[in-house]
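Reader: I am new to this structure and should like to learn how to read its features. Could you guide me?

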Amino acid sequence: MAAKTLTIDGKQVSAEEGATILEVATDAGIKLPTLCHLDGVYDVGACRLCLVEVAGIGKLLPACTTKISEGMDVKTDSERLRKYRRMTLELLFAERNHVCAVCVANGHCELQTLAYSQGMDHVRYDYSTPKWSVDATHRLFGMDHNRCILCARCVRVCWHIEGAGTKNVSGRGAKATIISDLNQPWGDSETCTACGKCVMSCPTGALFYQGSTVSEMERDRTKLEFIVNAREKKQWLP
Amino acid sequence: MVIDDLNAIAEKERAARKKTVIRCCLAAGCMSSNSETVKKNLEQAVKDAGLGDEVEVRGVGCMKLCCEGPLVSVDTQNALYEKVTPEDALELVKTLAGGKTKIKRGDFNHPFFKKQLSIVLTNSGEIDPERIEAYIVADGYQALHHVLRELTPKEVVEAMVKSGLRGRGGAGFPTGLKWGTVAKTQSAQKYVICNADEGDPGAFMDRSVLESDPHSVLEGMAIAAYAVGANQGFIYCRAEYPLAIKRLQTAIKQAKTLGLLGSGIFESPFNFNIDIRIGAGAFVCGEETALMASVEGKRGTPRPRPPFPAESGLWGCPTLINNVETFANVPPILRKGADWFAGIGTEKSKGTKVFALAGKITNTGLIEVPMGTPLRQIVEEMGGGAPDGGKIKAVQTGGPSGGCIPADALDTPVDYDSLTKLGSIMGSGGMIVMDETTRMVDVARYFMEFCVDESCGKCIPCRAGTAQMLHLLEKILNRQATARDLAKLEELCDMVKNTSLCGLGQTAPNPTLSTLRYFRKEYEELLQPDPFGPHSNGEAKKSQPATR
């Protein structure tokens with residue numbers, strides 16, 4: 001494969017053709033905020049946090065799904081991008097009921113971490129405080145829709161890594177929900193293999209292990225990457 | 001099927017033509033006011049009067065002046081009868097023998113008809129959409145024959161480029177360029193899709209084309225398929241258009257029977273089949289990537305572009321996707337020549353555009369005008385202005401992705417670039433007229449509510465951003481908002497526009513932005529004094545300690 005040379009934040013880098021801006025930036029030590037991206041799972045460009053500016057292109061492009069090209073000049077950080085990222089996070093916090101103090105993922109939450117790192121210190125929008133349910137019917141796991149940000153990472157791992165096809169998205173807009181099978185209680189699902197990959201992939205406290213309480217939800221994300229590497233590259237890397 | 005067979009069908013059809021043709025509109029609008037019974041009674045009346053050999057009662061597609069339906073016309077009298085009831089049928093048939101009638105008469109010389117220029121709607125209201133012979137006698141499938149037997153695919157693409165046709169779905173991408181890209185992409189399998197998921201509130205152009213002249217769309221798709229090298233087409237039609245779907249099914253069946261679709265069309269090596277896919281009610285499925293996901297049987301959500309459908313579309317194959325009206329333009333262009341088409345319209349917007357006139361306007365209905373026609377001519381002359389002596393305040397084009405054009409900009413010529421300059425878009429052709437009684441903040445709220453309902457929920461700015469914008473607009477309408485809320489609304493408009501994944505989110509702020517641009521005063525009048533001072537923008541100042 002041919003190598004491509006490009007500039008990211010003024011830094012000259014070269015990478016293999018077909019790589020995404022996000023991959024190249026990460027390799028170059030530039031950390032981009034992401035929520036729907038998860039190493040090992042294909043990208044969908046949904047959270048819009050990794051949007052970057054590319055010289056000569058009027059639109060902002062998602063780093064996770066945009067392939068690099070020769071001579072590309074990428075800017076991953078600007079006043080405008082920072083403002084949009086903060087607003088995106090504010091919108092998420094106002095959308096459902098994200099109460100860190102009582103959340104199982106407090107301290108291990110990607111949404112919370114991002115809010116800190118992006119300087120989102122308060123939410124200027126009115127909270128919509130919707131009423132969402134908790135599905136605790138599964139013997140091992142639980143799903144709290146109040147904390148879901150609809151990144152659909154769980155759906156993607158369920159279909160494409162585990163191959164069970166239990167998780168899915170139903171409804172649309174703000175009413176969209178992650179469902180199990182045909183919107184049945186998770187515990188009644190006949191397809192769920194109880195592998196727990198969805199719980200491992202969840203960025204917030206929406207999916208959790210039964211029995212965990214405030215701040216106890218730590219996840220082993222590397223396990224997913226390990227499985228994918230083993231399967232696709234036949235590399236059994238620890 | 002060879003050209004002689006086609007001409008024989010046309011000849012037979014011509015010979016069977018009766019002296020007088022009574023046309024009765026059987027498009028969805030008139031049918032909802034009982035035009036089917038009108039047609040049945042007319043037929044009975046003709047039979048009873050013993051005129052069966054001289055008079056044909058023909059069910060036709062949309063006769064355009066929808067507000068006066070059911071519409072009936074008699075060609076020998078050059079007369080248009082409006083609001084015809086089933087009881088009127090007998091009286092109407094008696095006029096053929098010189099009888100008098102009190103049925104409301106329309107005027108074909110009214111600017112509403114006179115100023116129209118029909119390319120796409122040529123057959124609409126003229127031919128029976130359920131008979132392929134009627135389309136063939138109107139030069140139907142001649143263009144397909146010409147293309148298959150006399151032109152190379154490259155020449156077809158060149159003709160499309162030369163014609164200057166731009167996509168009629170809303171964005172106005174040059175059609176020839178799109179065809180060329182798909183044609184150039186190497187692949188053993190390619191697809192052609194017709195986007196018939198018309199969903200803008202108040203828009204019914206594509207529905208009328210499908211109901212009135214389905215074969216023109218099929219022929220356009222077949223020509224496109226030959227040009228790009230596809231052998232399979234899909235029409236993605238929304239389920240809310242049952243009549244259009246029924247007529248398409250009839251048309252496809254007829255075309256297959258005559259060998260105008262299927263294998264070896266016109267005894268050339270070209271094969272092409274068309275299937276219909278029915279939408280399940282999601283507006284976002286009009287977005288091309290969401291539409292393709294839906295055709296594939298997946299959840300209809302958009303994906304980032306590139307890759308564009310021309311490179312990787314349906315099941316990863318190069319796919320050409322055009323709107324109904326775009327395809328309906330194709331046969332006339334190839335029949336009459338690209339130069340003829342390029343001679344109509346403005347420098348950068350060629351041809352005609354069909355608009356669905358609706359809202360506070362006297363003549364509601366379908367019009368087709370050359371590009372560059374001033375908006376004033378459309379709404380005031382043709383549309384007859386606001387009813388009951390009202391004054392037009394604004395014209396909304398482009399549905400939830402478009403904007404409101406204020407009355408003082410009515411002299412703008414209607415073309416892609418002029419409308420974009422005004423902060424609106426051409427869109428698919430919905431044109432909603434508003435009079436002085438309309439509150440513009442209400443309009444913005446209405447369209448925002450539509451976007452909130454129709455957002456697929458995949459990307460955060462569109463899903464959560466539109467919900468917040470709707471909340472802010474409602475706050476303003478309820479007189480609970482301050483200047484800070486308005487600033488927040490504008491900030492969100494900018495953010496949602498620039499960060500959303502697909503066209504739905506990127507254009508969702510347009511109705512709000514355009515009403516803010518032209519009718520800002522109406523927003524400001526609803527604002528309340530800010531308890532935290534006039535200069536506060538909601539951001540904590542650096543010198544202040546954070547409160548949380």
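Author: The dialogue below takes up a sheet, the domains and the contact between chains. Please note that this is a predicted model.

Reader: How should I read a sheet, and what is the strand order in the open sheet of chain B?

Author: In general, the strands of a sheet pair through backbone hydrogen bonds, in either a parallel or an antiparallel sense. Here the open sheet has five strands in the order 2-1-3-4-5, and the pairing is mixed. Strand 2 (55-60) and strand 5 (105-106) of chain B form the edges, each pairing on one side only. Strand 1 (residues 20-25) and strand 3 (residues 72-74) of chain B are antiparallel, with three bridges between them. Within this sheet, B:Arg23 has B:Ser73 of strand 3 as its bridge partner.

Reader: Which domains does the assignment give for chain B?

Author: The assignment lists domain 1 (18-108), domain 2 (132-339), domain 3 (360-435) and domain 4 (440-524). The C-alpha centres of domain 2 and domain 4 of chain B are 34 Å apart. Their contact involves nine residues from domain 2 and eight residues from domain 4. On the domain 2 side, six of these residues are nonpolar, two polar and one charged.

Reader: How many residues does each chain bring to the contact between chain B and chain A?

Author: The size of an interface is often given as the accessible area lost when the parts come together. Counted by residues, chain B and chain A supply 28 residues each. On the chain B side, helix 18 (440-454), helix 19 (460-477) and helix 20 (483-499) each contribute at least two residues. Helix 19 of chain B gives the most, with eight residues. By class, the chain B side has 13 nonpolar, eight polar and seven charged residues.

Key: Residues are numbered from 1 along each chain as its sequence is written. Chains are lettered from A and ligands numbered from 1 in the order in which they are written. This is a predicted model: local features need pLDDT of at least 70, side-chain atom pairs count only at pLDDT 80 or more; totals for chains, interfaces and linings use all residues. Domain bounds come from an automatic or database domain assignment. Two residues are in contact if their C-beta atoms, placed from the backbone, lie within 7 Å. Ala, Val, Leu, Ile, Met, Phe, Trp, Tyr, Cys and Pro count as nonpolar, Asp, Glu, Lys and Arg as charged, and the others, Gly among them, as polar. Helices (H or I, at least four residues) and strands (E, at least two) are DSSP runs, numbered from the N terminus. Two strands pair if DSSP finds at least two bridges between them.
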